[in-house]
Amino acid sequence: MKERRDYRDRNEKDYYPMDKKQKHDEVQQIKSDLINFANTSWGKKWVHSILKIGRPYRMRRAMRYAEEDRISNILIKKGEIFALVQGTAPTPYRVRIFFNPIPEDAWKIIEEQLSGNLLNLISLLEGTLSDTIITIFEQYHHSLFPDVSHGLNAKCSCPDQAVPCKHIAAVILYISRVIDYNPLILLKLKGKKKKQLLSELKIGKQFTSMKSPKSSTKDEIDRNTSGYSYEVPKISVKDIKVKDIKEKNDLPEQKIDISFQFTKPGRFIETLENLGLPTNLENPKAFAIVMDKIYKTITKQTYKISLAK
Amino acid sequence: MKMNIDKQLELTYIPSKYWNEKASGFSLISASKKVPTDASFFLIWIPFQDSEESLEKKMQEKMRDIPINKLLSCTIHLALPNSNNSDSYKEFQIQNVYGKILPLLPASNYLNKLEVFENEENKPTVRSFSGSVTTWALLTKLTFELLNRGDFLPVMDKSTEKSYTGRWHVLLKDPYDYERFQKILQNCPFTAYSLPATMDQKSRTAPSKNELLVKELWHPSFLFSDYMETLGDILVRSILIKNKFKTFEEFYNSEILKEKNREYNLSWDYKFLKSLLKKDTNFQIQQFHETIVPKLIKNWVNISNISPLGYGIRLALKLDFPDSNQEEWPLGLYLSFQNGKNLIPLSEVLKGEVTLTSEQKDYFKSKENLMELLLRSLGRIIKIYPPAQYALNGAYPATLLLTSSEVMEFLSYPKDLLIQSGFRVILPEVFQSGGKQRLSARMIIYSEEGEYKDKESTSSTMTPLFQLNEMLQYQWEGELGDTKLEKKELEYIINQNQLLINLKDEWVLIDQQDLENIKAIFNPSTSIGKYSQPEGIIKYMDALKLGLSQKVELEPAGLNYKVLIKGSFKNIVDKIKTLENFSKISQPDSFNGTLRAYQKTGLTWMANLSELGFGMCLADDMGLGKTIQVIALLLHFKEKYPTSMNSVLIICPTSVIYNWKRELRRFGPDLDVILHHGLDRVKDLSEISQYTKPHRVVLTTFGTIRNDVDLLKTIRFTGIVVDESQNMKNYETQQTQAIYQLQSHYKICLSGTPIENRLLELWTLFEFLNPGLLGIRKSFREDYIIPIERFHDKEAAENLKKIIAPFILRRTKSDKSIIKDLPEKNEIKIYVELSKTQFTLYKKEVEETLKRIKSASDTNKNKSMYILTLLTKLKQICNHPYQFLHKPITSKDLKKNFKDFISMSPKLERLFEMIDEVINNNEKAIIFTQFTQMGDILETVLSYKYEFPVLYFHGGVPAEKRKKIIDKFQSNNKDSPPLLILSLRAGGTGLNLTKATTVFHFDRWWNPAVERQATDRAYRIGQKENVNVYKFITLNSIEEKIDTLIEEKEELADMVISSGESWISQLTDDKIKALLSLE
């Protein structure tokens, strides 16, 4: 667990002069807290690249914003993040942060490189941004992470005109948590959605020509004045076998040859074993134990119930 | 005219989505009650019937386990075929239906246990359920089975933009499960899903206010899956609650505390689990980073879908043998199409070196879709088998080269997990698990003493080779494929403790589970079940059970092992398994008659099994002559072992004891028969020697056994024959318990109905015949009764069949091999005695008439009139005293004294027993009587006893109704009444009653021609089966005497034909006296 500091106390201390060493240590501590706000290596790297902008104390206050439930309506598209941040004013401030997308020709080269290793693609899809991938981008001078050496291109509707203001900083920090879960967002920000990326891979070219089938049209809903229609799959009355009705009285009903088997559950439950664990669990061990217990209880009890007198 | 839909109880699943809409017309009748808006339920209803009373009555009758008074009532719109137009069933319209609401949870418990399977030979129709009840019961059973197998997943369903619900979904991932679902779907009647989906005002002639035409119904496949999903979720949650599931609270208490303190940064895993376990199923997305969670869960659970790439196509891993000189085993990745017939290297597919056919390409939706699935599947492979990453560290999959020890590692665990995850794993052919090379163990059962001697030639006594309480030996052997492993080899394998073994220069692959089981079996210090020691002893009956089923389960519902039997024990088991193995027994010389071919077979079967000391059940159809076969057996043993045997006890219902006595006298005049029946029977131990004379037949009744068991159990009989053995179907009754105590060398049960379908009765019977063979009652219930009766478990049924088959012989009239032995009309006489009441009446009437004749000394004409009147009276008395006394009987009277009423006429009593058999065999019967009064009585009594309507055709039936009665009887409908009473005269000619396979002549028309004509109504062209014709004859009465007369003098018969019954009065006085006396 991270140790939480009481920021208000610390703020009061700011009025007292500190010696250089003390101050340096404190800034280092703040920086490390900020970096640890993210959980994954690439999340941390995101925070790290932002830190170059300086203003550690402001960033620290922003961290508190990010941890509270103040940020909403986040929208991420090519080169831009948009979000609402609830500040001190009644209406939330609108934050927009801009990034340089990677030009299409550079993407082509990068995609070629990405295609060169199945492992990288797999781990990316599974929610891991490996160092190899990060390096591929940097090799072509297109980092996935923001370059703030010349400042940050961002806007906020708050009165504070500084960049970053507390709200911009909060959103940037918050994004590190988002990409913790889904690093593909970084690629989207840089101009490639997952679907595009996958369809543009060098491998499996023979599938490129395939078109995705049209999404099936929804059932037409007939809402006449007198009638009504449920939105469910339907069977036309005409298709119901007449046999069901008419011959029922003349023919002996058909016997269905069907059987069921209940087994005493063993140690091994196939589905659970196959399921494994989802990614990004906060407490994988507890989750695994609870799931295991659930499956064992259900398989055992349904056996008992079904064979009970 | 109303449409002719069965007025049965129907069951329809009503999802919340249906009844919450106004269009459903849902209205709760029970005041001040409410149904939770998100609850789905079952509706119990009867088509075209909206009275509460009739619904409740029917439910009490058919769904006794459901507490009706606890259910809420409602009316709701369902779609039914247009009742005004019986020709067109294509029009459905809305009906406001009255019904009872059955909540899902109790409903599922009820349906899961419901026995909806009909036996091979149908049970009587009374207990059957409607198609809709069957449909929902089958779906419920399927859902329970999926949960039992663990085939369910946690998912997140979207409810609104930011909120989701946690739900448990059952999975139909196995093709077999899917197939069963389809089967249920194809066989379901519309009443299971008659929810209107699209309704419309009747366009042209919209006469009445609410007449809505229904164009479409809810699709049953949608409704069924909705039910399975809803039920799965409800069951998982309720089972966890019921079992006080606490693990979640234990492991997440810090999060629970946080939530109590209204902190917002709860972990999503906690929130997800909570939505799956607690009442509030909501998963609220509070923070932006959580928006990914539903997707994440979707990806996670998708992994376990059996075919990650789509239907019919799978990723495959193929392991090959090392090239001749190398040590390395290649392991490559492939795409496999259509059940693996077509295998293409994945790298070639990705490189584009192989062009897929358009058909193959059709499996995929789009490139990005395919790539995502493919990459995720590969990722899954790496997780299961990490070395796979070395094959994927490039643009295209490479082939891995494994050393032998790496192959072992691959085979030890990842292989199975990969297969279970939906990947194909292709091994070199000799490795195919379950194939020739499988390592297993087998149980050898043998007896210690010398070889089996065919003792038939030498022995003069009947001594079985094995005593039933004897112990046999067993020992385990290792087995590879079908060959025995030498001890050294087995030890080598166990000590190696590896899955890939080079045995005799051959690579052998061993299954992990097999290895573990074998280690456990051959390690004397571990025990995984009853016979899991390397060697030991086993009870004879247990050995017989295993020997017959040829397999053994060490733990309940566990793995099966082969059973081999050896030595003399094997000879016995092999012998009893096939009738052809028995030494043929020919008809005994002293048998007075001729046995038909199948009866000789029966004799052979009984004689052989008896010599071995087993019990058996001869379950031939009524009319095939079980009694005769038993008599032949008794004679056979008498001829074979003239002196060395003890007596034989025959137990039968009172109604047939005299029939037995008569048949014994007729077919086995050499047999010495003694009755143990009535007040003057032997009651004292000192006189017991009467019952221990060799081959003496002691005839007794069930009732007597109950009282005299203490006396009879002291005798060791040679044989016990229990006739009408359905009388001992209840284990708990005194009667059955008494019979269990009797001792004998062999035991034979006779039954006219199949016994193998009523399992508890079967067990009870076998506990008498071969005690211990079917195990104790509790385990028999768990291993066989419940799986078979409730779930139609085929494996259990087949196993049981193997065990009991040698001890049951059942031939039916319709067996092809039997038909050719049987006359088309098989005439059998049934002898019954007079009851006390009948006897007294009979005697009085005879005496009075004789007196009158004597005193009057009238003209011949008067005399003959007296006699004819008397004859009629006597026939009436033989039928039933009530008929003679013209006493009316109503069902109200019967409620009070049904049993007394029946027992007043043994003829009636016997008729009832025989009708039971007819109905149990799902056949139909005609009962002829020449008296309308008797017909009336029969109709009243039969209608009282059975739930189906009894048809009655007599002179008073108006002409227009006659055809209807005949049509009803001849119908194929499963509810068609199986019994028809016909007055002999009213029947007339020209009736076609070919559906009857049994004809009863309740009283006799002493004119063979008239009787034949009547019989022929059932036996006509078009009749496919043989017809059994039973003629009731009351012993010592006029009925028996005239019957003998007709049989003895054939010339008389011709006279009879021409003159009706009046010929009797022309007999001489002496003859008449003899006819009328009761001796």
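In this predicted model, the side chain of B:Thr994 makes a polar contact with the side chain of B:Gln970, at 3.0 Å. B:Thr994 lies in a loop of chain B. That loop runs between strand E34 (979-983) and strand E35 (996-1001). B:Thr994 counts as buried because its relative accessibility is 13%, and the cut-off for buried is under 20%. Another residue approaches from further along the chain. The C-alpha atoms of B:Thr994 and B:Arg1017 are separated by 6.9 Å. These two residues are 23 apart along the chain.

Strand E35 of chain B, which follows this loop, is mostly covered. Of its 6 residues, 6 are buried. E35(B) pairs with strand E32 (residues 924-929) of chain B through 5 bridges. The two strands run parallel. Within this pairing, B:Lys924 has B:Ala996 as its bridge partner in E35(B). E35(B) also pairs with strand E36 (residues 1027-1034) of chain B. This pairing is again in the parallel sense, over 4 bridges. Here B:His1001 stands opposite B:Lys1031 in E36(B).

The interface between the two chains was examined next. In chain A, 109 residues are in contact with 140 residues of chain B. The two chains bury about 11,600 Å² between them. Carbon and sulfur atoms account for 61% of that area. Three residues, A:Gln206, A:Tyr230 and A:Phe260, supply 7% of the area that chain A buries against chain B. No other three residues supply more.

Polar and charged links also cross the interface. The count of salt bridges between chain A and chain B is 3. One of them joins A:Asp257 to B:Lys794, whose closest N and O atoms are 3.0 Å apart. In addition, 34 residue pairs are in polar contact across the interface, with both residues at pLDDT 80 or more. On the side of chain A that touches chain B, helix H13 (residues 284-307) gives the most, with 17 residues. By class, this side of chain A has 49 nonpolar, 30 polar and 30 charged residues.

Strand pairing links the chains as well. Strand E6 (residues 234-236) of chain A is joined to strand E9 (residues 212-218) of chain B by 3 bridges. These strands run antiparallel, whereas E35(B) and E32(B) run parallel. In the pairing between chains, A:Ile235 stands opposite B:Leu217 in E9(B).

Technical notes: Residues are numbered from 1 along each chain as its sequence is written. Chains are lettered from A and ligands numbered from 1 in the order in which they are written. This is a predicted model: local features need pLDDT of at least 70, side-chain atom pairs count only at pLDDT 80 or more; totals for chains, interfaces and linings use all residues. Side-chain values use heavy atoms; hydrogens and water are left out. Buried means under 20% relative accessible area, exposed over 50%, partly exposed in between (1.4 Å probe, protein chains only). A polar contact is a pair of N or O atoms within 3.5 Å; within protein, one must be able to donate a hydrogen and the other to accept it, and residues adjacent in sequence count only if both atoms are side-chain atoms. Contact means heavy atoms within 4.5 Å. Buried area is the accessible area (1.4 Å probe) that two parts lose on being put together, summed over both. A salt bridge is a side-chain nitrogen of Lys or Arg within 4 Å of a carboxyl oxygen of Asp or Glu. Ala, Val, Leu, Ile, Met, Phe, Trp, Tyr, Cys and Pro count as nonpolar, Asp, Glu, Lys and Arg as charged, and the others, Gly among them, as polar. Two strands pair if DSSP finds at least two bridges between them.
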